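Student: I'd like to learn how to read a model like this one. Could you walk me through it?

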There are 2 protein chains.
Amino acid sequence: MILQEAMNLNLDIRFLDTQNAPCQNNSNHFTVGDIRNFDDVYNFGKELDVISIEIENINTKALKKLELEGKKVYPQPHIIELIQDKGLQKNFYKENNIPTAPYQLHEVGDSFNFEFPFIHKCRVGGYDGKGVQKVNNIDEFNQSFQGSTLIEEMIPFKKELSVIVSRNEKGEMMTYPIVEQEFNPEANLVEFLFSPSDVGEAVEEKGREIACSIIEKLDMVGILAVEFFLTESNELLVNEIAPRPHNSGHHTIEGNYTSQFEQHLRAILNLPLGNTEIIEPAVMINVLGAKGFTGRAVYKGMEEALSFKGVSPHLYGKLDTKPFRKMGHITVTNPSLDEAKKIALEVKNIISVESE
Amino acid sequence: MILQEAMNLNLDIRFLDTQNAPCQNNSNHFTVGDIRNFDDVYNFGKELDVISIEIENINTKALKKLELEGKKVYPQPHIIELIQDKGLQKNFYKENNIPTAPYQLHEVGDSFNFEFPFIHKCRVGGYDGKGVQKVNNIDEFNQSFQGSTLIEEMIPFKKELSVIVSRNEKGEMMTYPIVEQEFNPEANLVEFLFSPSDVGEAVEEKGREIACSIIEKLDMVGILAVEFFLTESNELLVNEIAPRPHNSGHHTIEGNYTSQFEQHLRAILNLPLGNTEIIEPAVMINVLGAKGFTGRAVYKGMEEALSFKGVSPHLYGKLDTKPFRKMGHITVTNPSLDEAKKIALEVKNIISVESE
């Protein structure tokens, strides 16, 4: 999606990723390598003017060396390191008066001051729900993650919200309107993300303010997704942040004047930031690999899904599917948010990613 | 722009074009060749399932052989041939009662029944205003084009309009709302294209009806731009048609639910056609090479242009500029069409394509 936007601006953009990564077919400036490997990242980056990331799990030592040698690396490597470690991330919130759930860093053998149930998280390496567990008692705790972890109070929340903020070298900042995730209470799974949220102006303002405060205190250049819990008492608590284009901003491609991908490019190239206003209500659903299918991906139901109004599929071109792998997303725009939600639910039931 | 849409649908899309064509950098399925050469087109096409074009100036003999061998070629080669020849195009209108300016086919030495001034056109090979001339007297006529030409009555018109229509294999058709070109009366040049037009419902209906009638009578699959003159008496006359994504549909990327490029793909892949409704008023300006500059292109003023709201640049990545070469386009969207026009005019004055 970054490449699609880069084409509009005629940028010479190059990619480092593993063999068969989606954009390999769509760029002849593709380098096969491991982003966790120092040499791969350093050798790739030293030919470039500006270096950015789409995933935090990168070799930051290589990025730091590139930065020292005068390359622009956005987000800055020390910020990526902070965010790679959920413990440091929490400490940062605490030191900067960013509201977040009470927590404690934990090493094997340490005592702890939290009552069960609580949330237990790996400090490093968690992704897409992995490395996070609710533990109900001491046995579950002992059988859960080892090493450096984080214990967090379980906050009953009524909504999960997200604000995306961007900042360029000049320090200009822009936030996107706050968005909301809708849960399916039966399945206890995110059903879809929608924009605009219905949390009201006060919460929206507060969310944007916190997002700006985080990116400013980090002195970060780029785009940052700030995920919140909205508590029963309408308090916003920061759950996690991600210093890159984020799943909770995919709807901006169709729903907002400037997509998060274009905004990211504008920020790291120190261009004026684009208008983040909503053009039209939007609902985003993830296209996940169906249970029971592993192997070469086959997309079922696309033709029927395309017969609905305002349905914009974005398939990522991943070669292989496996259960719950994120294979793409679909955005539904409509002048009526309720109508968009209805169509999104229908489309969700029609689409299925299976294997050959 | 086709590639950007193809990525959303995870299509395996391949390109044939000359060395250094824009998409060479953005596809590793790029074949260097000459679309006018039989072997280049045939050898490229025989590996594919569906073959389409972005310019009419292609070797149709090769396309016809591919079609005979069972490939899907959309638009169909005999339609491309008809459209390559402005004389056959005019005959087609006449035979099918499509309103168009009175004309006469002409060979060197033929007499003619038109009073000066009239329009003189090459039947084959004209492009972007080339091969079209207003002739005021017999001397100008004799010094103008030789060979097979077309003489056309000069119709005083008040507007130039365009309707884009698409049609899939099932015969489903969808038209986009009619758009209008605004002229700068001083320079006698197209200033910009805007959507929606203000011609009113009756003219709009008639334009859509004529566009549908043309694509249906051609039995064409794909996307077709129909360019009209609107006469002083509110009569629509077909000027020219183009069986491919067209300059007068570029605004649909931001301004309409389904872009003309996605619609083209939907049509040739026999998918349901997308919603063509307007999301928001849009103004499109072409980014042309500045006078006096030839060579490696350099874009001036982009940073300032990007500081305006709703400005979406699409630079085509052409390596070299020359005066008036189409190097890209910029779409401005805004809830107010008047505001979009104002911004577009400012942006037009800011942007300049020069050479190194």
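Tutor: We'll go from the pair of chains to their contact, then to the sheets, and end with some backbone details.

Student: Fine. What should I keep in mind about the numbering and the kind of model?

Tutor: Residues are numbered from 1 along each chain as its sequence is written, and chains are lettered from A and ligands numbered from 1 in the order in which they are written. This is a predicted model, where local features need pLDDT of at least 70, side-chain atom pairs count only at pLDDT 80 or more, and totals for chains, interfaces and linings use all residues, while side-chain values use heavy atoms, with hydrogens and water left out.

Student: What rotation superposes chain A on chain B?

Tutor: Copies are superposed by least squares on the C-alpha atoms of residues with pLDDT of at least 70 in both. Here a turn of 180 degrees, with 0.0 Å of shift along the axis, puts chain A on chain B at an RMSD of 0.0 Å. The two copies are therefore related as by a two-fold rotation axis.

Student: And how many residues does the contact take from each chain?

Tutor: Contact means heavy atoms within 4.5 Å. Chain A gives 36 residues and chain B gives 36 residues. Of the interface residues of chain A, 100% are also interface residues in chain B, so the copies meet through the same surface.

Student: What area is buried between the chains?

Tutor: Buried area is the accessible area (1.4 Å probe) that two parts lose on being put together, summed over both. For chain A and chain B that comes to about 3300 Å², with carbon and sulfur atoms giving 49%.

Student: How many salt bridges cross the interface?

Tutor: Side chains of opposite charge can pair when their charged atoms come close. The rule asks for a side-chain nitrogen of Lys or Arg within 4 Å of a carboxyl oxygen of Asp or Glu. Across the interface of chain A and chain B it finds four. One of them joins A:Lys170 to B:Glu303, with the closest N and O atoms 3.6 Å apart.

Student: Which elements give two or more residues to chain A's side of the contact?

Tutor: Helices (H or I, at least four residues) and strands (E, at least two) are DSSP runs, numbered from the N terminus. On the side of chain A that touches chain B, those elements are α1 (2-8), α10 (302-305) and β17 (311-315) of chain A. By residue type, that side has 14 nonpolar, 16 polar and six charged residues. In this split, Ala, Val, Leu, Ile, Met, Phe, Trp, Tyr, Cys and Pro count as nonpolar, Asp, Glu, Lys and Arg as charged, and the others, Gly among them, as polar.

Student: Now the sheets. What is the strand order of the open sheet in chain A?

Tutor: Two strands pair if DSSP finds at least two bridges between them. In chain A the three strands run in the order β18-β16-β20, with antiparallel pairing. The edge strands β18 (320-321) and β20 (352-355) of chain A each have a single partner strand, so one side of each is left without a neighbour in the sheet. Strand β16 (residues 295-300) of chain A pairs with β20(A) over four bridges, and A:Val298 stands opposite A:Glu354.

Student: What does chain B show for its open sheet?

Tutor: Chain B has an open sheet of three strands in the order β18-β16-β20, also antiparallel. Two bridges join β16(B) to β18(B), where B:Gly295 has B:Thr321 as its bridge partner. Four bridges join β16(B) to β20(B), with B:Val298 opposite B:Glu354.

Student: How many salt bridges are there over all chains?

Tutor: The whole structure holds 44. Among them is the one between A:Arg296 and A:Asp320, at 2.4 Å from N to O. A:Arg296 lies in β16 and A:Asp320 in β18 of chain A, so the pair ties together parts that are 24 residues apart in sequence.

Student: Last, the backbone. Where is the cis peptide bond that involves A:Pro196?

Tutor: The bond runs from A:Ser195 to A:Pro196, with omega near 0 degrees, and A:Pro196 lies in the loop between β12 (189-195) and α7 (201-218) of chain A. In chain B, a cis bond joins B:Phe116 and B:Pro117, with omega about -10 degrees. Look also at A:Asn97, which has a positive phi of about 55 degrees although it is not a glycine.
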